[in-house]
Amino acid sequence: MNTYATINKGDGLDPGLMTLVRCPACGARALESDGRALVCASCQHRYASEHGYVDLLDLSRGEPTPSSPEQRLMESELIARLYERIWRPAFVRIVAGRGASARTGGFPGEFFIHKNALAMEDRHGAWLDLSCGPGTFTRAMAAAAPGDRVVGLDISRAMLEVAAKKARGYTNISLVRGDAHELPFVDGAFGGVNNTGALHVYDDPDAVFSEILRVLQPGGVYVGSTFAEAPTMLGRLSARVAGIRRFQPPELRAWLSRIGFADYEEIRLDGAFIFRTRKP
Ligand SMILES: C[S@@+](CC[C@H](N)C(=O)[O-])C[C@H]1O[C@@H](n2cnc3c(N)ncnc32)[C@H](O)[C@@H]1O
């Protein structure tokens, strides 16, 4: 049995996911499952579902090329396997300091801030974990909202394969390969978007913010975390070598407001910060 079927039962293309997706090639809400793939009834594009995720990248434009040294590492099978236990805690600690890298109950401590900021207990999804990596937050979100569908999206095959293995046994997780700059989801698909530790690797955050606004329901919440200033010389050097873009909270607040978000708030965790904003 393939992994995706193990996670999602049936033909691997869960009905809960099918209501959320649209064809990345033509934008039509016309994707249909043939049991092994999604096929667009409008433009006939075919999107494979194997290794535990549906590949909703429009590959007629070619495979995306990683544009930063850090993103090249995110595509490596070795780093994907080591990411959750070793790479993430060490990297966050070096670049953002001890306060940003604490763990609580098996999850990064910051998850509890994200979960509260998303108001997962008071609201209903679906929920999107954007740039989910190996699915650390996807699984935590799925556990926090067992009645809702949680979609983890990433561009890295290696990360998604690890995420699929770790998501075995969660019936409300769907994993999708896609590009944050052109999300393969219908307008207003999600009640909340979680976006941890990924803003610094996007080529065009403006396009990503616009897409997040589009796929949120009115009143939907966008919660993210990213790097501000590295607190130490080693952190500043590592951030430079990794090609990390850093954000200043006032800059991000103005940026998100220009895109159309409202009610921006933030919490500082050493050299990182968590922000929450809302689609009006
Ligand atoms: C530093 S990891 C963060 C993973 C996870 N959110 C976490 O906090 O542990 C950044 C992730 O962003 C993904 N990513 C980079 N560019 C992307 C894009 N254009 N679209 C979707 N995901 C992207 C990478 O593949 C990687 O898994």
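In this short talk I will go through the two domains of this model, the contact between them, its salt bridges, one hairpin and two unusual backbone spots.

Please keep in mind that this is a predicted model, in which local features need pLDDT of at least 70 and side-chain atom pairs count only at pLDDT 80 or more, while totals for chains, interfaces and linings use all residues. Residues are numbered from 1 along each chain as its sequence is written, and side-chain values use heavy atoms, with hydrogens and water left out.

Let me start with the domains. The domain assignment, whose bounds come from an automatic or database source, gives domain 1 as residues 3–49 and domain 2 as residues 69–278. Their C-alpha centres lie 24 Å apart, and the contact, meaning heavy atoms within 4.5 Å, takes 14 residues from domain 1 and 20 residues from domain 2. The area buried between the two domains, that is, the accessible area (1.4 Å probe) that two parts lose on being put together, summed over both, is about 1300 Å², and carbon and sulfur atoms give 63% of that area.

Now, what holds charge against charge here? A salt bridge is defined as a side-chain nitrogen of Lys or Arg within 4 Å of a carboxyl oxygen of Asp or Glu, and by that rule two of them cross the interface of domain 1 and domain 2. R149 forms a salt bridge with D14, with 3.5 Å between the closest N and O atoms.

Which elements supply the side of domain 1 that touches domain 2? Both α1 (3–8) and α2 (15–18) supply at least two residues each, where helices (H or I, at least four residues) and strands (E, at least two) are DSSP runs, numbered from the N terminus. The largest share, four residues, comes from α1.

Looking at the whole structure, we find 17 salt bridges. In one of them the side chains of D55 and R157 meet, at 3.5 Å from N to O, and this pair links distant parts of the chain, since D55 sits in strand β4 (residues 53–55) and R157 in helix α7 (residues 157–166), 102 residues apart.

Next comes the hairpin. Strands β12 (residues 262–269) and β13 (residues 272–278) run antiparallel and are joined by six bridges, where pairing requires that DSSP finds at least two bridges between two strands. L269 stands opposite A272 in β13, and two residues lie between the strands, with D270 in the turn having a positive phi of about 50°.

Finally, the backbone. Most residues other than glycine have a negative phi, and most peptide bonds are trans. H51, in the loop between β3 (46–50) and β4, has a positive phi near 55°. A cis peptide bond joins G125 and A126, with omega about 15°, and A126 lies in the loop between α5 (110–118) and β7 (127–130).
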